[in-house]
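Q: I would like a close look at one part of this model, set out with care and with its surroundings kept in view. Please take it step by step.

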Amino acid sequence: MARVVVNVMPKAEILDPQGQAVVRALGRIGVSGVSDVRQGKRFEIEVDDTVTAEDLDKVAATLLANTVIEDYEVVGLEVK
């Protein structure tokens, strides 16, 4: 078994209202020096050795990310 991580983030040109809300809240709690926050999603997927990189790309592109407004990254396998 292995664990695969898929990170999904809004594309750079897409506004991120949740990230902007975090930036505003940081000032209210006394944290300065943070100019931008982007909020995304992280998926951890347990796979066996029959799952290929192509399979993982298909899963990410069709089920986990809205590729019109989000980019995704499949992070290397962590063998367990």
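What follows starts from helix H2 and works outwards to the core and the charged groups. Which residues of helix H2 are buried, and where do they sit around the axis?

A: The model is a predicted one, and every value below is computed from it. Before turning to the helix, it helps to place it in the chain, whose secondary structure amounts to two helices and three strands, arranged along the sequence in the pattern β-α-β-α-β. The overall dimensions deserve some caution: the radius of gyration is 16 Å, whereas a compact globule of 80 residues would have one near 12 Å. The C-alpha atoms, taken along the principal axes, fill a box of roughly 50 × 30 × 15 Å. Only residues with a relative accessible area under 20% count as buried, and these make up 22% of the 80 residues. Of the contacts with a separation of 6 or more, 73% are between residues 24 or more positions apart.

Helix H2 runs over residues 53-64, and within it Leu56, Ala60 and Leu64 are buried. They lie on the same side of H2 because they cover an arc of only 40° around the axis. The general background is that an α-helix has 3.6 residues a turn, so residues three or four places apart point the same way. On the other side of H2, by contrast, Glu54, Lys58 and Thr62 are exposed.

The buried side of the helix can be followed into the core. The largest nonpolar core has nine residues, and Leu56, Ala60 and Leu64 are among them, together with Ala2, Val4, Val6, Val8, Val47 and Ala65. Both S1 and H2 supply at least two residues of this core, and the largest share, four residues, comes from S1. As a general tendency, nonpolar side chains in soluble globular proteins are buried together.

Leucine 64 gives the most detailed view of these surroundings that can be offered here. Leaving out residues up to four places away in sequence, leucine 64 touches Val6 and Val8, which are both members of the core, and also Lys41, Phe43, Ile45, Val59 and Glu70. Two of these partners, Lys41 and Glu70, carry the description from nonpolar packing to charge pairing, since lysine 41 forms a salt bridge with glutamate 70 in which the closest N and O atoms are 3.3 Å apart. That pair links distant parts of the chain, lysine 41 being in strand S2 and glutamate 70 in strand S3 (residues 70-79), 29 residues apart. The two ends of the bridge differ in burial: lysine 41 is partly exposed at 36% relative accessibility, while glutamate 70 is buried, with a relative accessible area of 13%.

Glutamate 70 is also among the contacts of lysine 11, which, apart from neighbours within four places in sequence, meets Arg38, Thr67, Val68, Ile69, Glu70 and Asp71. Lysine 11 lies in the loop between strand S1 (2-10) and helix H1 (17-28). Lysine 11 is buried yet has no salt bridge, because the nearest side chain of opposite charge, aspartate 71, is 4.2 Å away, and a salt bridge needs the nitrogen and the carboxyl oxygen within 4 Å.

The bridge between lysine 41 and glutamate 70 belongs to a total of four found in a search of the whole structure. Another joins the side chains of glutamate 46 and arginine 3, with an N to O distance of 2.9 Å, and this pair too spans distant parts of the chain, with glutamate 46 in strand S2 and arginine 3 in strand S1, 43 residues apart. Glutamate 46 counts as partly exposed at 37% relative accessibility, as does arginine 3, whose relative accessible area is 25%. A further bridge connects glutamate 44 with arginine 42, the closest N and O atoms again being 2.9 Å apart; here glutamate 44 is partly exposed at 46%, and arginine 42 is exposed at 53%. Arg3, Arg42, Glu44 and Glu46 are linked in a network of salt bridges.

To return to the helix, then, H2 has Leu56, Ala60 and Leu64 buried on one side and Glu54, Lys58 and Thr62 exposed on the other, and leucine 64 touches both members of the Lys41 and Glu70 pair.

Methods. Residues are numbered from 1 along each chain as its sequence is written. This is a predicted model: local features need pLDDT of at least 70, side-chain atom pairs count only at pLDDT 80 or more; totals for chains, interfaces and linings use all residues. Side-chain values use heavy atoms; hydrogens and water are left out. Buried means under 20% relative accessible area, exposed over 50%, partly exposed in between (1.4 Å probe, protein chains only). Lys and Arg count as positive and Asp and Glu as negative; His and the chain ends are not counted. Contact means heavy atoms within 4.5 Å. The arc is that of the directions from the helix axis to the C-beta atoms. A nonpolar core is a set of buried Ala, Val, Leu, Ile, Met, Phe, Trp, Tyr and Cys residues joined through side-chain atoms within 4.5 Å. The radius of gyration is taken over C-alpha atoms; the globule rule is 2.2 Å times the number of residues to the power 0.38.
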